[in-house]
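Q: I'd like to learn how to read a protein structure, one feature at a time. Can we go through one together?

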Amino acid sequence: MELRLGFLASHNGSNMQAIIDACRNKTLKSKPCVVISNNSKSGAIDRAKKENIPFYHLSSSTHPSEEELDKAIIDSLKLHNVNLVILAGYMKKLGTRTIKEFNNRILNIHPALLPKYGGEGMYGILVHEAVIKAKEKKSGVTIHIVNSEYDRGPIINQTEVPVYENDTAETLAQRVLKAEHKIYVETIKMIEEGKIRL
Ligand code: GRF
């Protein structure tokens, strides 16, 4: 089955770009079909424009009611026949209907080795700061399926990244982000090849 990808991203969208690039150069067979962002000024929207991928700004400013926002997200994904939803730095909690509608078909990336350093309030640079503070020798990246529990859905792939003694949260974040780009593409490829079954 051809995977039709729908992205949700709030900021830069470098993970999304890595996946789009892999689709373009045929590393992946999947097709990027739509980009949704809650931030009208996000890098993700700029990237969608450049790539000629349909995009939508959907947020509490366009849809003040949570239920309507949830529905608008589902409608946009369905309009483009999306069958795999990729969260790529999406900073909003997904609505319950979206999670139900795309049950087991929503992936998220987290910049640490879950279940450590996850959960509410653990995002972005805060994750790396916590890892450094705890003097961990390794961190990493986790890809998991999204369910209603924050950062708690089934883990489908993980990779380790070393933490060096002189690391700051920023230098660690850069090393982890590189690993993120790689593992997200690899994971989608494994889904394409049936090596990971959702
Ligand atoms: C990544 O570190 C991802 O793990 C986290 O948000 C960041 C998004 O980066 N959820 P980008 O927008 O893909 O560049």
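A: Sure. Let's begin with K135, which sits in the loop between α5 and β6 (138–145). Keep in mind that this is a predicted model.

Q: What is there to read about the phi of K135?

A: The general idea first: most residues other than glycine have a negative phi. Here, phi of K135 is near 55 degrees, a positive value in a residue other than glycine.

Q: Is K135 buried or exposed?

A: The cut-off for exposed is over 50% relative accessible area. K135 has 68% relative accessibility, so K135 counts as exposed.

Q: Which other residue has a positive phi although it is not a glycine?

A: Try N52, with a positive phi of about 60 degrees. You'll find N52 in the loop between α2 and β3. With a relative accessible area of 70%, N52 is exposed.

Q: What about peptide bonds? Which residues does a cis peptide bond join?

A: As a rule, most peptide bonds are trans. In this model, a cis peptide bond links L114 and P115, with omega at about 10 degrees. P115 belongs to the loop between β5 (106–110) and α5 (125–133).

Q: What can you tell me about K116, in the loop between β5 and α5?

A: K116 has 45% relative accessibility, so K116 counts as partly exposed. The side chain of K116 makes a polar contact of 2.9 Å with the side chain of E136. You can also set distance in sequence beside distance in space: K116 and D75 are 41 residues apart along the sequence and 34 Å apart in space, C-alpha to C-alpha.

Q: How do I read a strand, say β2 (residues 31–37)?

A: Check what it pairs with, then how buried it is. On one side of the story is strand β1 (residues 4–8), which runs parallel to β2 and is joined to it by five bridges. In that pairing, G6 stands opposite V34. β2 also pairs with strand β3 (residues 55–57), again in the parallel sense, over three bridges. There, V35 stands opposite F55. As for burial, six of the seven residues of β2 are buried, so β2 is largely enclosed by the rest of the structure.

Q: Which helices link these strands, and what is the handedness?

A: Follow the chain from strand to helix to strand. β1, helix α1 (residues 14–24) and β2 form a right-handed β-α-β unit. The chain then crosses from β2 through helix α2 (residues 43–51) to β3, and this crossover is right-handed too.

Q: Where is D167, and what does its side chain contact?

A: D167 lies in the loop between β7 (155–162) and α6 (169–192). The cut-off for buried is under 20%. D167 has a relative accessible area of 8%, so D167 is buried. Its side chain makes a polar contact of 2.7 Å with the side chain of T171, and one of 2.7 Å with the side chain of R175. Leaving out residues up to four places away in sequence, D167 touches I132, P162, L172 and R175.

Q: And how do people find pockets?

A: Rolling a probe the size of a water molecule over the atoms shows where empty space is left. In this model, the largest pocket has a volume of about 870 Å³. Its lining has 37 residues, and those closest to its centre are G89, Y90, M91, I109 and Y123. Elements that each supply at least two lining residues include α1, β5, α5 and α6.

Definitions and conventions
Residues numbered from 1 in each chain as written. Predicted model: local features only at pLDDT ≥ 70, side-chain atom pairs only at ≥ 80, totals over all residues. Heavy atoms only, no water. Buried < 20%, exposed > 50% of the residue type's maximum accessible area, 1.4 Å probe, protein only. Helix = DSSP H or I, 4+ residues; strand = E, 2+ residues; numbered from the N terminus. Pairing = 2+ DSSP bridges. Right-handed = clockwise from strand over helix to strand, strands pointing away. Polar contact = N/O pair within 3.5 Å; in protein donor to acceptor, adjacent residues only side chain to side chain. Contact = heavy atoms within 4.5 Å. 1 Å grid on protein atoms, 1.4 Å probe; cavity = no way out; pocket = protein on both sides within 12 Å on 5 of 7 lines; lining within 4 Å. Points joined across faces, edges and corners; volume = space filled by probe spheres on them.
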